[in-house]
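Biologist: I should like to go through this model with you by question and answer. Could you show it first?

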Amino acid sequence: MTETPAAFTEQDHFTEQDYALRMDRAAREAAVVGLAGLLATPGPDLMWLCGYRPAAATEHLTLLVLTADSEPRLLVPASERPDAEGAPGAVRISAWKDGQDPYAAAAGLLRPHGRYGVSDSTWALHLLGLQEVLPLTTYRPLSTALPMLRVVKDEHEVARLAAAGAAADAAYDDVLSLRFAGRRETDVAADLGRLLREHGHGRVDFTVVGSGPDGADPHHRTGRRTLTAGDMVVLDFGGHRDGYGSGITRTVHVGEPTAEERRVHEIVQDAQQAAFEAVRPDVPCQDVDRVARTVITDAGYGGRGAPRTGHGIGVTTHEAPHLAEGEEQPLLPGMCFSLVAGIHLPGRFGVRLGDVVTCTETGGRRLNTASRELAVVK
């Protein structure tokens, strides 16, 4: 079994100062775009901003309020106050008790006519409750109000993404030694999930196995098809380790591939490598996508490529930026994203290769280093 990458120690954890800087920046950026403040509810935004993750997201209101002219405030149910006080980010905590209207309690922290950015994950129940007690307030989802909030990662975040990537690499290396022929896609997917956990993932988000013609569908969901000799098999899997996401895509072949299959795989390798070499600061995201598509089109497979070349990854496995046509956002140092190329031949087979990449001052850096060659499995 491949060696598991080391887990982060207590000394490696984000500090109170790290969270203070995030909350301060978020409040200032909200003010710049004309918002009275930022509201975060349980989910990735709350965890990223102050390090607090309630035991469960429920109908009981939990709300972080950030404004440029006051200290961070966290409103929680009274029963959850001890847990909230243990969060690494320093915030002033207010608690509401059973029998009390939590939205009335929240109203005291907000401006009656304020316009707020709010976490995309906020329950409609809570947003409607706030609107009922403060009918003149308005709200915008953070993904549109502050789309760049979590996009640029600091060095500690990149280190976590790299560790998650190394763990996914290790899981891929281990799965190659297992049997594929005669087993169902769901069996191989279960192996991938198990291996991710064995290599330190606390959560598995996706384990897609597309064999033979199933691999030609870029939106395939793992099914019960039995793998047989001669199948090209797409493996796309990832999850979360130490709070940060992983994602890797590789294509293997059951038994020896044909010359055509090898050629298609080589084209995809070339396309993904060309896209990687295009990664550097100030390059529009859509240009990286265009580079990959040009290689595939010039090889005679135009229109058979992946739907998009990539998307951001961080505390969620899908976030901004998007490496797709129409995305003019320039790449910035610290951005981390998947970089995927593929060719899909309906009814026959598909090939996809993908890594997580970070943009540095001088170009791209792969956070997945597992071999991108076409692996032959049994």
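Modeller: A salt bridge is a side-chain nitrogen of Lys or Arg within 4 Å of a carboxyl oxygen of Asp or Glu; Lys and Arg count as positive and Asp and Glu as negative, while His and the chain ends are not counted. Buried means under 20% relative accessible area, exposed over 50%, and partly exposed in between (1.4 Å probe, protein chains only). This is a predicted model, in which local features need pLDDT of at least 70 and side-chain atom pairs count only at pLDDT 80 or more, whereas totals for chains, interfaces and linings use all residues. Residues are numbered from 1 along each chain as its sequence is written, and side-chain values use heavy atoms, with hydrogens and water left out.

Biologist: Which side chain of opposite charge is nearest to D169?

Modeller: D169 lies in helix α7 (residues 155-175); helices (H or I, at least four residues) and strands (E, at least two) are DSSP runs, numbered from the N terminus. D169 is buried but has no salt bridge. At 5.1 Å, the nearest side chain of opposite charge is that of R250.

Biologist: Which element supplies the largest share of the largest nonpolar core?

Modeller: A nonpolar core is a set of buried Ala, Val, Leu, Ile, Met, Phe, Trp, Tyr and Cys residues joined through side-chain atoms within 4.5 Å. The largest one has 35 residues, and L49 is among those with the most contacts inside it. At least two core residues come from each of several elements, including α2 (44-50) and β2 (63-67). The largest share, 5 residues, comes from α1.

Biologist: How many disulfides are there?

Modeller: A disulfide is a pair of cysteine sulfur atoms within 2.5 Å. The sulfur of C336 is too far from its closest cysteine sulfur, in C359, for a bond, because the distance is 9.2 Å. By this rule the number of disulfides is 0.

Biologist: How many of the residues of strand β13 are buried?

Modeller: In a regular strand the side chains alternate between the two faces of the sheet. In β13, C336, S338, V340, G342 and H344 point one way and F337, L339, A341, I343 and L345 the other, and all are buried. Strand β13 (residues 336-345) is therefore largely enclosed by the rest of the structure, the buried count being 10 of the 10.

Biologist: Which residue in β14 stands opposite A341?

Modeller: Two strands pair if DSSP finds at least two bridges between them. β13 pairs with strand β14 (residues 349-359) in the antiparallel sense over 10 bridges, and the two form a hairpin with 3 residues between them. The residue opposite A341 is L353.
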